[in-house]
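Trainee: I've just opened this one and would like to know what the descriptive words rest on. Can we go through it together?
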There are 2 protein chains.
Amino acid sequence: MSTSPAPDPEPGHPASITSIAAEAGVSVPTVSKVLNGRPDVAAETRARVEGLIERSGYRRRRARQSSRPALVDLVFHEMNSVWATQIIRGVERAAAEERAAVVLSELGGAHRPPGEWFDDLLARRPLGVILVLAELDEEQRARLTARSIPFVFVDTAGEPPPGVPTVGSTNWAGGLAATRHLISLGHERIAVISGPTTVLCSRARVDGYRSALESGGIPVAPELVRYGDFYVNGGYSHGMDLLTRPDRPTAIFAGSDFQALGVMRAAGELGLSVPGDLSIVGYDDLPVTEWIGPGLTTVRQPLPEMAATAAQMVFTLARGERPAVERIDLATELVVRQSTAPPRG
Amino acid sequence: MSTSPAPDPEPGHPASITSIAAEAGVSVPTVSKVLNGRPDVAAETRARVEGLIERSGYRRRRARQSSRPALVDLVFHEMNSVWATQIIRGVERAAAEERAAVVLSELGGAHRPPGEWFDDLLARRPLGVILVLAELDEEQRARLTARSIPFVFVDTAGEPPPGVPTVGSTNWAGGLAATRHLISLGHERIAVISGPTTVLCSRARVDGYRSALESGGIPVAPELVRYGDFYVNGGYSHGMDLLTRPDRPTAIFAGSDFQALGVMRAAGELGLSVPGDLSIVGYDDLPVTEWIGPGLTTVRQPLPEMAATAAQMVFTLARGERPAVERIDLATELVVRQSTAPPRG
């Protein structure tokens with residue numbers, strides 16, 4: 001009654017499920033169980049079969065018209081702001097076009113063991129996996145590859161492994177544009193508060209900031225370069241520290257709109273007006289920037305488009321095609337509002 | 001190899017898949033296809049079988065240990081704020097405990113036809129469905145019931161149909177507490193800005209407001225009772241209108257923290273200080289209230305707990321048990337911060 005799950009090899013690929021079973025010394029149904037992520041296979045057998053599958057270059061053909069409903073997994077390291085909502089909406093939109101449903105997981109906040117979570121992911125056989133600032137170890141990547149489940153990263157924390165499709169945005173250019181805007185207004189003491197040093201995009205934005213200063217003939221003051229978390233408190237505490245210095249900066253470029261809110265709060269508590277005493281540039285262009293006065297000058301990061309692009313790459317890969325480009329950075333854009341002005345004096 | 005999907009009737013229930021097939025004049029596999037949401041059944045046949053399933057009181061027994069991975073569907077009417085993130089996290093937490101994955105859909109914003117979306121939902125056979133301010137029509141409810149897929153509403157817009165499990169919060173008590181707090185500070189001209197009149201919780205909060213005024217011996221002024229959308233703009237436009245009246249209110253109770261932000265913005269633009277010239281109470285207690293100064297006095301709505309409770313009800317129902325209570329309202333709580341103070345004068 002059910003469509004048989006036994007997959008055929010692709011034309012041109014000599015490896016078949018039968019030859020893999022023979023080489024592994026197991027039955028064809030056992031190989032099929034491994035491919036389908038069924039738990040009732042001994043760990044050692046599973047590892048042996050997976051290794052053979054990977055080395056053989058075997059690719060299962062996906063029955064796109066199968067009765068099994070199409071799922072795509074969206075995995076966040078942490079999902080605690082409107083930032084995440086923007087990503088979810090982009091993936092939802094792209095998935096709707098493919099008539100796929102979105103399964104959402106949060107790794108950092110979830111109360112489930114990562115190994116169990118990964119086994120369940122394999123068992124539901126998604127069309128593909130989209131990871132947002134979440135990582136996969138080498139074994140997990142190999143297990144997905146062995147099952148022809150493609151995966152795409154959005155905004156990797158570290159350098160993505162070669163050949164792994166990644167969607168990001170032009171962080172370096174964003175940092176450059178924000179800092180150039182402040183220089184063009186006449187600022188010279190410009191601080192930057194970025195995200196954690198361990199996250200690639202934080203470093204790219206600071207490098208853009210440095211380049212803008214250097215090409216403007218302004219020396220980089222190490223005490224004005226800060227790294228912290230991307231949330232309001234990170235902006236608040238660094239902002240407080242920077243703004244209580246005797247030689248306080250006249251402008252601060254924050255690594256996120258939330259950090260910018262924190263800086264704004266610190267300025268408010270110190271009785272400094274924005275943009276009169278302090279210019280502030282944010283990053284992301286989340287709806288939050290519209291809620292508070294003065295309107296925040298910020299670097300727009302196209303989050304829904306990044307997410308939709310990642311989803312489309314997953315669907316392309318799931319059809320057995322290669323995407324045109326494997327590493328895409330969508331353009332950032334400076335949005336000038338009321339939080340920046342020439343320095344006083 | 002696979003566990004047979006043919007379900008047995010529950011003890012005490014005379015209807016079986018065989019008797020339903022006989023009565024409908026179709027084969028047993030056809031009834032099974034209807035139960036499994038397979039598309040290859042004529043619409044007329046499907047309707048006849050579903051009608052018989054429903055009338056017969058047939059309940060399939062769920063094979064909880066099946067190889068099919070457990071899914072729970074979380075459906076938003078609209079998902080565009082941190083409000084939604086709080087709900088998602090609550091469901092994620094409860095789903096992790098049951099080792100179920102969360103499938104997320106947004107109906108208002110999704111670019112997929114609702115009929116197609118619902119067919120796909122049936123086809124993936126979730127353990128259950130959680131609906132947030134989203135509705136199901138009678139036919140959809142019948143189709144879920146026929147397949148023993150339970151559904152629970154979080155914060156219904158309209159009056160939930162009898163017998164449909166619902167999780168909400170004590171909106172009336174929240175409106176009462178917020179208004180009593182303002183009265184106790186000495187306010188008499190107190191406005192309320194609530195959500196749309198079509199949403200049940202908006203009306204409950206306004207009724208709580210009215211009760212507090214009446215029991216405080218303060219007449220309700222119709223021009224101070226406003227309904228709008230729950231977002232920042234709704235608060236801003238009603239706030240502007242209220243605060244430019246010659247007899248402007250000295251306090252405003254807003255229907256959401258976002259509306260409260262909009263009111264705060266309107267006050268700022270009119271040069272009114274908070275809480276000096278105007279006291280503001282919000283609703284929800286989202287993280288957003290911590291970002292802006294002065295800290296917002298608000299009514300805490302336990303969103304993650306509401307979501308987790310709804311998910312637990314779904315899992316209870318999926319096991320074929322009845323939840324202890326079918327209609328749960330979790331308690332709201334007034335959180336007093338800096339945005340409220342005695343009126344001037």
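Mentor: Sure, starting with one word: buried means under 20% relative accessible area, exposed means over 50%, and partly exposed lies in between (1.4 Å probe, protein chains only). This is a predicted model, where local features need pLDDT of at least 70, side-chain atom pairs count only at pLDDT 80 or more, and totals for chains, interfaces and linings use all residues. Residues are numbered from 1 along each chain as its sequence is written, chains are lettered from A and ligands numbered from 1 in the order in which they are written, and side-chain values use heavy atoms, leaving out hydrogens and water.

Trainee: How do you know which faces of β3(A) are covered?
Mentor: Check each side: A:Gly128, A:Ile130 and A:Val132 are buried on one, A:Val129 and A:Leu131 on the other. In a regular strand, side chains alternate between the two faces of the sheet. For β3(A) (residues 128–132), 5 of its 5 residues are buried. Strands here are DSSP runs of E with at least two residues, helices are runs of H or I with at least four, and both are numbered from the N terminus.

Trainee: What makes β3(A) and β4(A) a pair?
Mentor: Two strands pair if DSSP finds at least two bridges between them. β3(A) and β4(A) (residues 151–154) have 4 bridges, in the parallel sense, and A:Val129 has A:Phe151 as its bridge partner. β3(A) also pairs with β1(A) (residues 71–76), in the parallel sense over 5 bridges; there A:Val72 stands opposite A:Gly128.

Trainee: Why is α1(A) called roughly perpendicular to α2(A)?
Mentor: Their packing angle is about 105 degrees, with the axes 8 Å apart. Angles of 65 to 115 degrees count as roughly perpendicular, under 35 as roughly parallel, over 145 as roughly antiparallel, and the rest as oblique. So α1(A) is roughly perpendicular to α2(A).

Trainee: Which residues of α1(A) and α2(A) make the contact?
Mentor: A:Ile17, A:Thr18, A:Ile20 and A:Ala21 come from α1(A), and A:Val28, A:Val31, A:Ser32 and A:Leu35 from α2(A). Contact means heavy atoms within 4.5 Å.

Trainee: Why does A:Ser202 count as buried?
Mentor: Because its relative accessibility is 0%, A:Ser202 counts as buried. A:Ser202 sits in helix α8 (residues 200–215) of chain A. Leaving aside neighbours within four places in sequence, A:Ser202 is in contact with A:Ser194, A:Gly195, A:Pro196, A:Tyr227 and A:Phe230.

Trainee: And how much of chain A counts as buried?
Mentor: Of its 345 residues, 57%.

Conventions
Axes fitted to C-alpha atoms, helices over the stretch in contact; angles between N-to-C directions.
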